[in-house]
Amino acid sequence: RSIPCVFIDPWGSPALGIMSVQTDNWAGGVFATRHLIQLGHRRIATITGPTSAMCANARLDGYRNALMEAGIPYDAQLVRRGEFSQNSGCALTLDLLQGRNRPTAIFAKSDFIAMGVYEAAHQSGLRIPEDLSVVGFDDISTSKFMGPALTTMHQPSTDMARTAVDMIAAVRNGDSINERAILPTTLIERSSTCPPA
């Protein structure tokens, strides 16, 4: 019907000719992991989404790259894949916390996963951040009210929506545009991270 449309934060990779707006998930993965490394963490676990989600794969690649640049070996035993949900985050965190050599930090690839990390830490008698630092991704509205407030990667949702509207307006005006818009993420430091004990 020749109606211009834009996918915002697409799940997969849009086909050629389909406009999309997303955040720089790879760089977000790098910055979140670097933050934990700079605090002194070396056993940094991560919980990510399904392989079908392009953003989950990009964030995981960023995590892996940050470890590599810091000279920290990538350990597949510290990586879990699940769903972007609190229940998944809780179950996978409980699995990660088993055994003596548990991680000192977890990079949750969404704030909903991070909520599950908090629940699992509570069930395991661990304090955040004293016993376990946590970084999320998305900066949803409730993340600042979690106890403690969640350190997370901010996705510029308003800017993404504005960019999508601008792209549609440009197409309707007959202007040439770049079909892919990738916006930067920003680390929001709150109270859920600290140097390891």
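Q: In what order do the six strands of the open sheet stand?
A: The pairing in this sheet is mixed, where two strands pair if DSSP finds at least two bridges between them. Helices (H or I, at least four residues) and strands (E, at least two) are DSSP runs, numbered from the N terminus. Reading across, the order is β4-β3-β5-β6-β7-β9.

Q: What pLDDT do local features need in this predicted model?
A: Residues are numbered from 1 along each chain as its sequence is written, and side-chain values use heavy atoms, leaving out hydrogens and water. The model is predicted, so to speak with its own filters: totals for chains, interfaces and linings use all residues, side-chain atom pairs count only at pLDDT 80 or more, and local features need at least 70.

Q: Which strands are the edge strands of the six-stranded sheet?
A: The twist averages 20° from one strand to the next, with axes fitted to C-alpha atoms (for helices, over the stretch in contact) and angles between N-to-C directions running from 0 to 180 degrees. Two strands pair on one side only, and these are β4 (79-81) and β9 (186-188).

Q: Is β6 largely enclosed or open to the outside?
A: Buried means under 20% relative accessible area, exposed over 50%, and partly exposed in between (1.4 Å probe, protein chains only). Six of the six residues of β6 are buried, so the strand is largely enclosed.

Q: Which residue stands opposite Ile106 in β6?
A: Strands β5 (residues 105-108) and β6 (residues 133-138) run parallel, joined by three bridges. Ala105 has Ser133 as its bridge partner. For Ile106, the residue opposite is Val134.

Q: What hand does the crossover from β5 to β6 have?
A: The chain gets from β5 to β6 through α4, a β-α-β crossover. With the strands pointing away from the viewer, a path from the first strand over the helix to the second that runs clockwise counts as right-handed. This one is right-handed.

Q: At about what angle to β6 does helix α4 run?
A: Helix α1 (residues 25-38) lies across β3 (44-48), β5, β6, β7 (151-154) and β9, at about 165° to β6; contact here means heavy atoms within 4.5 Å. Helix α4 (residues 111-123) lies across β3, β5, β6 and β7, and its angle to β6 is about 155°.

Q: Which two residues form the aromatic pair?
A: A search of the whole structure finds one such pair. Rings of Phe, Tyr and Trp (its six-membered ring) pair if their centres lie within 6.5 Å; planes under 30 degrees apart are stacked, over 60 edge-to-face, the rest tilted. This pair is edge-to-face, at 6.4 Å centre to centre and 70° between the planes, and its members are Tyr63 and Tyr74.

Q: How many residues apart in sequence are the parts that this pair ties together?
A: Tyr63 is buried, at 1% relative accessible area, whereas Tyr74 is partly exposed, at 35%. Tyr63 lies in helix α2 (residues 54-69) and Tyr74 in the loop between α2 and β4, so the separation of the parts is 11 residues.

Q: Over the face of which residue does Arg59 lie?
A: A charge sits over a ring if NZ of Lys or CZ of Arg is within 6 Å of the ring centre and within 35 degrees of the ring normal. Lys109 lies over Tyr63, at 4.9 Å from the ring centre. Arg59 is 3.7 Å from the ring centre of Phe137.

Q: Which helix packs on the three-stranded sheet?
A: This open sheet has the order β1-β2-β8, with parallel pairing. The helix touches β1, β2 and β8, making about 160° with β2, and is α5.
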